[in-house]
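Hi everyone, thanks for coming. Today I'd like to walk you through one protein chain, step by step. Have a look at it first, and then we'll start.

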Amino acid sequence: MSKTAMGASQKDFESAVNQMKLLKKDPGNEVKLKLYAHYKQATEGPCNTPKPAVFDLINKAKWDAWNALGNLPKETARQNYVDLVSGLSSSSDSSSQVKPEADRKQAGYETLVMTSEDGITKIMLNRPTKMNALTTQMYQEIMLALEAASKDDSTITVLTGNGSYFSSGNDLTNFVISPDELEERARRGAILLRDFVGCFIDFPKPLVAVVNGPAVGISVTILRLFDLVYASDRATFHTPFSHLGQTPEACSSYTFPSLMGPAKAAEMLIFGKKLTAAEACARGLVTEVFPDSTFQKEVWTRLKAYSKLPRNALRISKQMIRNHEKEKLHAINAEESRILQERWQSDECMNAIMNFLSRKAKL
Ligand SMILES: CCCCCCCCCCC/C=C/C(=O)SCCNC(=O)CCNC(=O)[C@H](O)C(C)(C)COP(=O)(O)OP(=O)(O)OC[C@H]1O[C@@H](n2cnc3c(N)ncnc32)[C@H](O)[C@@H]1OP(=O)(O)O
């Protein structure tokens, strides 16, 4: 993990800024926008200027890039800037030496912010302007992040979202594919889904969801695989699978009925009833609800205290609670993924996605 508790110092940051001035090769517009956005975030914090007019293309692109960073902490932006510049410098230092993909990935995550501090590794979904909708890259990065967190020296791992949403679930543009690719993409999608959910089933340490805002689809169903779920009272819990011509995933076809009874589970998973945080808490899906105004403060104070408990005892107790049903969960996960593979190829599903993309329907 390149982002540590300490992060990059102000001196590292200034030196990266100077290094940029000496860079001989133009890194291209996309990288320049990323650098601009992280520089502004690191020095000024969240975007604080009015949105430029539509025809002011360059300034609008810069504004969009900065604004997309949402509430990313200054320290993280500083670290990301240093990582970006160091990636550029090393590639221009040794232009004949191409860094392997895996090496570059470790330099940082593009869709997540991962930090480790006070015995807590935090994985933050970081696409605030898209309500943290999960792209295929994001599923992959979350799996990598969970693997790293399972091996690091932290006690607790937290998943949360940047911005106003926890996550709006699967990014529906994952379905923007030509008809002749559909079968193969559905096959690969089912493997991705099965592996993704599998990482949560097997995660060995206490896993906490800090649900900072509304959650949709898989970001709701996955919650039953967490050990604690803390929610802001602004959060809602919505699983509109039938509206999308789809079916439940993340083992929810088994975990939800066993948690809240089949009648209440049906209301959510078949009929897409959206729950408030209080309702989700009453049904056992959420551990505790906090007022949004004090949510972050109260939750992190609590988690910091928990992270001081003996690490091995926490880990072993979690495994004792979870191991009974692990095998069953893997079998259910495989079956749900197989059924979804078929669903994704159905007209019902395709029509629902087209409706969303053409804005005929908002869920
Ligand atoms: C062959 C297929 C292979 C697939 C491989 C997949 C692998 C795993 C699949 C796991 C199965 C998971 C299932 C689910 O999670 S089902 C739930 C899916 N989610 C939704 O249906 C939510 C859709 N979004 C909405 O209804 C609204 O956006 C929302 C209510 C969340 C917010 O509304 P609001 O009006 O407040 O904001 P906007 O709609 O304007 O959103 C802002 C921008 O964000 C984009 N956005 C938000 N959510 C999504 C999303 N889920 N997918 C794609 N894009 C999303 C939205 O379009 C806006 O973008 P623009 O500003 O560019 O317009």
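**Salt bridges, a sheet and some odd corners**

Let's begin with one side chain: Arg-302 is partly exposed, and its relative accessible area is 24%. Keep in mind as we go that what you see is a predicted model.

So what does Arg-302 meet in a salt bridge? The partner is Glu-288, with 3.0 Å from N to O. This pair links distant parts of the chain, since Glu-288 sits in strand β9 (residues 288–290) and Arg-302 in helix α12 (residues 295–306), 14 residues apart. Glu-288 counts as partly exposed too, at 29% relative accessibility.

Okay, next pair. Asp-202 and Lys-326 also form a salt bridge, and here the closest N and O atoms are 3.8 Å apart. Where do these two lie? Asp-202 is in helix α7 and Lys-326 is in helix α14 (residues 326–343), so this salt bridge ties together parts that are 124 residues apart in sequence. As for accessibility, Asp-202 comes out at 37%, which counts as partly exposed. Lys-326 is at 23%, and that counts as partly exposed as well.

Then there's Glu-181, which forms a salt bridge with Arg-185. The closest N and O atoms of that pair are 3.9 Å apart. If you want to remember the cut-off, it's 4 Å, so this pair counts as a salt bridge. Glu-181 is partly exposed, with a relative accessible area of 36%, and Arg-185, at 30%, is partly exposed too.

And salt bridges can share partners: Glu-184, Arg-187 and Arg-188 are joined into one network that way. How many salt bridges does a search of the whole structure find? It finds 20.

**Stepping back to the whole chain**

Let's zoom out. The protein chain has 15 helices and 9 strands. It has 363 residues, and 46% of them count as buried. On the outside, the chain exposes about 18,400 Å², with carbon and sulfur atoms supplying 55% of that area.

Now contacts. Take those in the chain with a separation of 6 or more: 77% of them come from residues 24 or more positions apart.

How is the chain divided up? The domain assignment gives domain 1 (10–90) and domain 2 (112–361). Taken over C-alpha atoms, their centres are separated by 30 Å. And where the two domains are in contact, 8 residues of domain 1 take part, along with 7 residues of domain 2.

**A small sheet**

Next, please find β5, β7 and β8. They make up an open sheet of 3 strands, in the order β5-β7-β8, with mixed pairing. Which strands are at the edges? Those are β5 (215–216) and β8 (275–276), and each pairs on one side only.

Quick reminder from class: strands of a sheet pair through backbone hydrogen bonds, and they can be parallel or antiparallel. In our sheet, β5 and β7 (residues 236–238) run parallel and are joined by 2 bridges. If you'd like a spot to zoom in on, Ala-215 stands opposite Phe-237 in β7.

**Two unusual backbone angles**

Another reminder: most residues other than glycine have a negative phi. Asn-132 isn't a glycine, yet it has a positive phi of about 55°. You'll find Asn-132 in the loop between β2 (120–125) and α6 (136–151). Is Asn-132 buried or exposed? It counts as buried, because its relative accessibility is 0%.

Cys-251 is another one, with a positive phi of about 70° although it isn't a glycine. Cys-251 is in the loop between β7 and α9 (252–260). Cys-251 is buried, and its relative accessible area is 0%.

**One last stop, on the surface**

What kind of patch do Val-176, Met-354 and Leu-357 form? It's a nonpolar patch on the surface, and together the three have about 270 Å² of accessible area. Val-176 belongs to the loop between β3 (156–161) and α7 (182–202). With a relative accessible area of 53%, Val-176 is exposed, because the cut-off for that word is over 50%.

That's my tour, so over to you for questions.

How values were computed. Residues are numbered from 1 along each chain as its sequence is written. This is a predicted model: local features need pLDDT of at least 70, side-chain atom pairs count only at pLDDT 80 or more; totals for chains, interfaces and linings use all residues. Side-chain values use heavy atoms; hydrogens and water are left out. Patches are made of residues with over 30% relative accessible area and no salt bridge: like charges are joined within 9 Å, nonpolar side chains (Val, Leu, Ile, Met, Phe, Trp, Tyr) within 5 Å. Accessible areas come from the Shrake-Rupley method with a 1.4 Å probe; for residues, only the protein chains shown count as cover. A salt bridge is a side-chain nitrogen of Lys or Arg within 4 Å of a carboxyl oxygen of Asp or Glu. Helices (H or I, at least four residues) and strands (E, at least two) are DSSP runs, numbered from the N terminus. Buried means under 20% relative accessible area, exposed over 50%, partly exposed in between (1.4 Å probe, protein chains only). Two strands pair if DSSP finds at least two bridges between them. Domain bounds come from an automatic or database domain assignment. Contact means heavy atoms within 4.5 Å.
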